[in-house]
Structures are given as C-alpha cells and as structure tokens.
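Here is a short set of exercises to work through with the model open beside you. Try each task by yourself, then compare your route with the worked solution.

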Amino acid sequence: MILASCKKETESKTEFPKSDFNLKTDLTDFKKKMTELDTIRVFFDHSVCTYEGYERIEITKKSDSIKVRTEFKELTFNENKNPDWNLVYEKKISEKDTVWQFEKFIERNAQRKTSDDKTRGILIVQNKKDTIQFFTNGLVDLNRFLEDYYLTMRKIYPENKNGIYGYELVEE
C-alpha cells in the first residue's frame, strides 16, 4: 500500500507599494498624481551673461500635502570655487493649492522641452530615471523664460530673500 500526502504550499509574497507616477505624462498634474513614493527633483540654471547661479528643488508628498525644499548656490560673487548649497526655503502646501501653479508654468513652456542631451537645459526635471529638459533659444528668449519662472516661484516664496527670483523694478 502506498500512501501519498498532498501538502499545499502557500507562497509568501510581500507586495511593496508601487507608484504609477509618470513624469512625462503626469508632471502637469503632479500635486494630485504623485504619491509618497515619488520625489521630483528640479534643477534651474539662473545664469545669464556674467552671472552664475543654480537652484535645486526637491518636491515630495506626504498624505495630502506637498513639501517643496529649495536650495541655491551662487558662483558669481563667491570667492570659494566650490560653494555650498544654501537652504532658501522649505514650504508645505496642500495638494489642492491653487496659488503656486508650477504645473501651469510647465504647460506654458511645453514647446521648450527637449530630449537632446547636447542642448543646455535651463530647467531639468527628474523623477526616478525619467528626465525632462527645457531649453531657451538666445538671450531674449532666456530672459522671457526667467521672468515666467520667477513670477511663478514668487507665488510659493513671496519673501524672495536675496532676490533669487529677480528684483521688482520700482519706478519713482
């Protein structure tokens, strides 16, 4: 007599949370579409003519709010050849925020997107392995792009300490 025993094996699978955020399709609605697993990194080159300055922004999500952390490095007036990144601000806004409309800025400048690595990116946006670069064409176009960016960023940082988002012209 042969006895057979059937043992039911259960697989132990641990499912890790996964994000479906796609930088290329969801950037214009990132406040709603990103999850706590996503981090958007933004690099902005403020350099014009003889001025050289750089900004890096980290955007993360926690529950129903967005955290925006910005650092700035200025090279023009800095004797140190490798200056440190300085924290400019860290803000927490609602995912339903309508004041800081970075998404609208991205939409307005969609024609500036490039996938050409040889083109100097003025604005570079990254999430995981995805990258979107925005470029300008000449000095006049660069100044228009800077103005649009500065006006957009002053909405989240109206204090504009050290004038990283340009200076307002005051006519007397």
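**Exercise 1. Place glutamine 101 and find out how exposed it is.**

Step 1: Glutamine 101 sits in the loop between β4 and α3 (102-108). Helices here are DSSP runs of H or I with at least four residues, strands are runs of E with at least two, and both are numbered from the N terminus.

Step 2: With a relative accessible area of 35%, glutamine 101 is partly exposed. The scale calls a residue buried under 20% relative accessible area, exposed over 50% and partly exposed in between, using a 1.4 Å probe and protein chains only.

Step 3: Look across to lysine 31, which is 70 residues away from glutamine 101 in sequence, with a C-alpha to C-alpha distance of 9.9 Å.

Before going on, two notes on the material. This is a predicted model, in which local features need pLDDT of at least 70 and side-chain atom pairs count only at pLDDT 80 or more, while totals for chains, interfaces and linings use all residues. Residues are numbered from 1 along each chain as its sequence is written, and side-chain values use heavy atoms, with hydrogens and water left out.

**Exercise 2. Describe the overall build of the protein chain.**

Step 1: Count the elements: there are four helices and seven strands.

Step 2: Put them in sequence order, and the pattern reads α-α-β-β-β-β-α-β-β-β-α.

Step 3: Turn to burial and contacts. Of the 172 residues, 40% count as buried. Among contacts (heavy atoms within 4.5 Å) between residues at least 6 apart in sequence, 50% join residues at least 24 apart.

Step 4: Finish with the surface. The accessible surface comes to about 12000 Å² (Shrake-Rupley method, 1.4 Å probe; for residues, only the protein chains shown count as cover), and carbon and sulfur atoms account for 48% of that surface.

**Exercise 3. Work out the strand order of the sheet and identify its edge strands.**

Step 1: The seven strands form an open sheet in the order β4-β3-β2-β1-β6-β7-β5, with antiparallel pairing. Two strands pair if DSSP finds at least two bridges between them.

Step 2: The edges are β4 (86-94) and β5 (113-114), each of which pairs on one side only.

Step 3: Follow β5 to its partner: two bridges join β5 to β7 (residues 130-134), and these strands run antiparallel. Lysine 113 has phenylalanine 134 as its bridge partner in β7, while threonine 114 stands opposite glutamine 133.

Step 4: Now take β6, which is joined to β7 by five bridges, again antiparallel. Valine 125 pairs there with isoleucine 132 of β7.

**Exercise 4. Compare two residues that have positive phi without being glycine.**

Step 1: Lysine 128 has phi near 55 degrees. Lysine 128 belongs to the hairpin of β6 and β7, which has two residues between the strands.

Step 2: Asparagine 160 has phi near 45 degrees and lies in the segment after α4 (139-156).

Step 3: Check their surroundings. Lysine 128 counts as exposed because its relative accessibility is 57%, whereas asparagine 160 counts as buried because its value is 13%.

**Exercise 5. Trace the contacts of serine 65 and threonine 119.**

Step 1: Serine 65 lies in β3 (residues 65-74) and, at 12% relative accessibility, counts as buried.

Step 2: Leaving aside neighbours within four places in sequence, serine 65 is in contact with Thr60, Lys92, Ile93, Ser94 and Glu95.

Step 3: Threonine 119 is in the loop between β5 and β6 and counts as partly exposed at 22%.

Step 4: With neighbours within four places again left aside, threonine 119 is in contact with Thr114, Gln133 and Phe135.

**Exercise 6. Characterise the largest pocket and its lining.**

Step 1: The pocket holds about 420 Å³ of space. Of its 20 lining residues, the closest to the centre are Tyr51, Phe72, Glu74, Asn162 and Ile164.

Step 2: The elements giving two or more residues to this lining are β3 and β4.

Step 3: Sorted by class, the lining has 10 nonpolar, six polar and four charged residues. Ala, Val, Leu, Ile, Met, Phe, Trp, Tyr, Cys and Pro count as nonpolar, Asp, Glu, Lys and Arg as charged, and the others, Gly among them, as polar.

Step 4: For reference, the search runs on a 1 Å grid over the protein atoms alone, and a pocket is an open set of points where a 1.4 Å probe fits, with protein on both sides within 12 Å along at least five of seven lines; lining residues have an atom within 4 Å of a point. Points are joined across faces, edges and corners, and the volume is the space filled by probe spheres set on them.
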